[in-house]
Amino acid sequence: MFSRVVSLMVCMLAGAAAFMAPSVTVRSVSRPTNSLSMADVTFPGGKKTKANGGAPLKTVAQKAGYKAAYGCEEGKCGTCEHKVNGKKIRLCIGKLPAGAGPFTFTQ
Ligand code: FES
């Protein structure tokens with residue numbers, strides 16, 4: 001009797017093992033580092049966003065919700081001129097400087 005119970009248990013365990021899901025190997029997926037290397041950018045009025053170095057300033061300002069005044073939009077009139085970390089730059093033609101920032105724009 002005891003041997004029948006043991007053999008029954010062995011069969012049940014073997015059957016259960018057959019229905020177990022195969023092991024799955026999960027590999028880590030590398031993520032682009034762009035989102036991690038974006039610099040903090042602040043415009044007048046406290047409008048903030050994050051952007052990569054080299055991004056067109058007009059686009060960065062729009063992304064932040066900052067409404068700058070523009071005139072010629074060709075870099076000639078100076079209407080859109082701001083200072084970024086103390087250095088003059090024209091939003092219509094300028095690009096965000098390279099680097100980790102943060103970048104603070106003032107008029
Ligand atoms: S709008 Fe004229 S220099 Fe930018």
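Biologist: Which strand does His82 lie in?

Modeller: His82 sits in strand β3, which covers residues 81-84. Keep in mind that this is a predicted model.

Biologist: Okay, and what else is in the protein chain besides that strand, in what order?

Modeller: You'll find three helices and five strands. Starting at the N terminus, they run α-α-β-β-α-β-β-β.

Biologist: Why is His82 called buried?

Modeller: Its relative accessible area is 2%. Buried means under 20%, so His82, at 2%, gets that label. Across the protein chain, buried residues make up 22% of the 107 residues.

Biologist: What is His82 in contact with, leaving aside neighbours within four places in sequence?

Modeller: Its partners include Pro44, Tyr66, Ala68, Leu91 and Phe105. Contact here means heavy atoms within 4.5 Å.

Biologist: What makes the pairing of His82 with Cys80 a polar contact?

Modeller: A polar atom of the His82 side chain lies 2.8 Å from the backbone oxygen of Cys80. The cut-off is 3.5 Å, so a distance of 2.8 Å falls within it.

Biologist: Why does Cys72 count as partly exposed, and what about Cys92?

Modeller: Cys72 has 27% relative accessibility. Partly exposed lies between the 20% and 50% limits, so Cys72 fits there. Cys92 has 15%, which is under 20%, so Cys92 is buried.

Biologist: How many disulfides turn up in the whole structure?

Modeller: Zero. A disulfide needs a pair of cysteine sulfur atoms within 2.5 Å, so the search found no such pair.

Terms used:
Residues are numbered from 1 along each chain as its sequence is written. This is a predicted model: local features need pLDDT of at least 70, side-chain atom pairs count only at pLDDT 80 or more; totals for chains, interfaces and linings use all residues. Side-chain values use heavy atoms; hydrogens and water are left out. Helices (H or I, at least four residues) and strands (E, at least two) are DSSP runs, numbered from the N terminus. Buried means under 20% relative accessible area, exposed over 50%, partly exposed in between (1.4 Å probe, protein chains only). A polar contact is a pair of N or O atoms within 3.5 Å; within protein, one must be able to donate a hydrogen and the other to accept it, and residues adjacent in sequence count only if both atoms are side-chain atoms.
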